[in-house]
Amino acid sequence: MSASMEVMIDAALDLYRDTFPGERLNIADLGCSSGPNAVLAISQIVDAVDEKRHQLGHDHIEFQCFLNDLPWNDFNAVFKALPEFCEKVEEEKGRDHSMCFIVGVPGSFYGRLFPKRSLHLIISLVSEGVHLNRGNLWISKTSPPCVFNSYLEQFQKDFSVFLMSRSEEIVIGGRMVLTLMGRKSKSPSDEAFGCTWELMARILMDMASEGLIEAEKIDSFNFPFYTPSLDELVELIKREGTFTINRLEFLQMGSRDYDIDHGRKGHDWVKVTRAALEPMLESHFGRDIMDDFFIRIEESFNESISPRRNAEVNPVLVSLVRKG
Ligand SMILES: C[S@@+](CC[C@H](N)C(=O)[O-])C[C@H]1O[C@@H](n2cnc3c(N)ncnc32)[C@H](O)[C@@H]1O
């Protein structure tokens, strides 16, 4: 989020400049999640635009901020945190701050969420992707080509629906800034992330051979995640046709040195991975094997994979403008 903040703020300031005088800016964060990050991006954008308005001596505007996530997201937690958040804004900025109205929008962004031409700025900082991959959990070096193609086709379908929906919802000249996980190499299995899934598949196969899980369960699990290349993204954006690409680049993020401070190789990395992936693995393989599974991952991880390499990720930043 911090790596893409500058681009999001630039897009918002350009928009303010282009749409002024206007009374209201409607901003949507798609996949806001819950917890402190849910309002963080939106609040920094609102602050930056309001600061600019103040510097230019313009009248107040109103911000309407839509926080979207899937219906089972903990919106209650988000809403409960809002009064404290608003108090803090008032304390820091005083009453001269423009008003900001926050709305929750439960639903999938793979479809329409808002009325036509109702949004000025859309941001989305999400890493989502996809749904015969015998003995594998994701695209791996041993997967047949049809696996890669199925992932790619699903991504093309999902991302096109996403673009078409946003294209209807955003005003002409509106901006959209997205970050999503991408890949630099030819095949997703060459990336650091691929090694993680190969290690997990190997551990699960061991557990299947010990009779702890059924081998068929491994074949039927496909991690719903795809990392597109920049070329694949350009092609889909051009094919959809209603957005101009303002920026498209890999974000520079230092790899996280999970283990340096703690001296416990792999331990922190396994904690992060477990937090992100356990719900998905648990619902497929069952809760009973989870502790055993992650203990084995940590043990094998120490021998087989460098934590630094596993901390490498390739987020892509896409900044788009809605054509007239
Ligand atoms: C990695 S979190 C990102 C949270 C936050 N934007 C941030 O940057 O910290 C991804 C969020 O996207 C949401 N999400 C995934 N698929 C979605 C969809 N189809 N529609 C709406 N939200 C979705 C998830 O529920 C999750 O809260």
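In this predicted model, Leu-119 of β4 has Ile-170 of β5 as its bridge partner. The two strands, β4 and β5 (residues 170–181), pair in the parallel sense over 6 bridges. They belong to an open sheet of 7 strands with mixed pairing. The protein as a whole has 10 helices and 7 strands, and 49% of its 324 residues are buried.

**The sheet**

- The strand order is β3-β2-β1-β4-β5-β7-β6, and the sheet is open.
- The edge positions are taken by β3 and β6 (243–250); each has a single partner strand, so one side of each has no neighbour in the sheet.
- From one strand to the next, the twist averages 15 degrees.
- Strands in a sheet are paired through backbone hydrogen bonds, in either a parallel or an antiparallel sense.

**Strand β4 and its partners**

- β4 covers residues 119–125, and 6 of its 7 residues are buried, which leaves the strand mostly covered.
- In the sheet order, β4 stands between β1 and β5.
- With β1 (residues 24–30), β4 pairs in the parallel sense over 4 bridges.
- One of the positions in this pairing is Asp-29, whose bridge partner in β4 is Ile-123.
- With β5, the pairing of β4 is also parallel, and it includes the bridge between Leu-119 and Ile-170.

**Strands β2 and β3**

- β2 and β3 run parallel and are joined by 8 bridges.
- Within this pair, Phe-63 stands opposite Cys-100 of β3.

**Helices packed on the sheet**

- Helix α4 (residues 145–169) lies across β1, β4, β5, β6 and β7 (315–322).
- The direction of α4 makes an angle of about 150 degrees with β5.
- Helix α7 (residues 230–240) also packs on the sheet, where it touches β5, β6 and β7.
- The angle between the directions of α7 and β6 is about 170 degrees.

**Helix α3**

- α3 spans residues 75–93, a run of 19 residues.
- From first C-alpha to last, α3 reaches 26 Å, close to the 27 Å expected at 1.5 Å a residue.
- The helix has a kink of about 35 degrees at Leu-82, shortly before the proline Pro-83.
- Leu-82 is also one of the buried residues of α3, together with Phe-75, Val-78 and Val-89.
- The cover over these buried residues includes α2 (37–55), β2 (62–69) and β3 (99–106).
- After α3 comes Gly-94, which has a positive phi near 75 degrees.

**Positive phi outside glycine**

- Ser-33 is not a glycine, yet its phi is positive, at about 65 degrees.
- This residue, Ser-33, sits in the loop between β1 and α2.
- Ser-33 counts as partly exposed because its relative accessibility is 35%, and the partly exposed class runs from 20% to 50%.
- Arg-117 is another residue other than glycine with a positive phi, near 45 degrees.
- The loop between β3 and β4 holds Arg-117.
- Arg-117 has 37% relative accessibility and therefore counts as partly exposed.

**Surface of the whole protein**

- The accessible surface comes to about 16300 Å².
- Carbon and sulfur atoms account for 52% of that accessible surface.

Definitions and conventions. Residues are numbered from 1 along each chain as its sequence is written. This is a predicted model: local features need pLDDT of at least 70, side-chain atom pairs count only at pLDDT 80 or more; totals for chains, interfaces and linings use all residues. Side-chain values use heavy atoms; hydrogens and water are left out. The expected span of a helix is 1.5 Å times one less than its number of residues. The bend at a residue is the angle between axes fitted to the seven residues ending there and the seven starting there. Buried means under 20% relative accessible area, exposed over 50%, partly exposed in between (1.4 Å probe, protein chains only). Contact means heavy atoms within 4.5 Å. Two strands pair if DSSP finds at least two bridges between them. Axes are lines fitted to C-alpha atoms, for helices over the stretch in contact, and angles run from 0 to 180 degrees between N-to-C directions. Accessible areas come from the Shrake-Rupley method with a 1.4 Å probe; for residues, only the protein chains shown count as cover.
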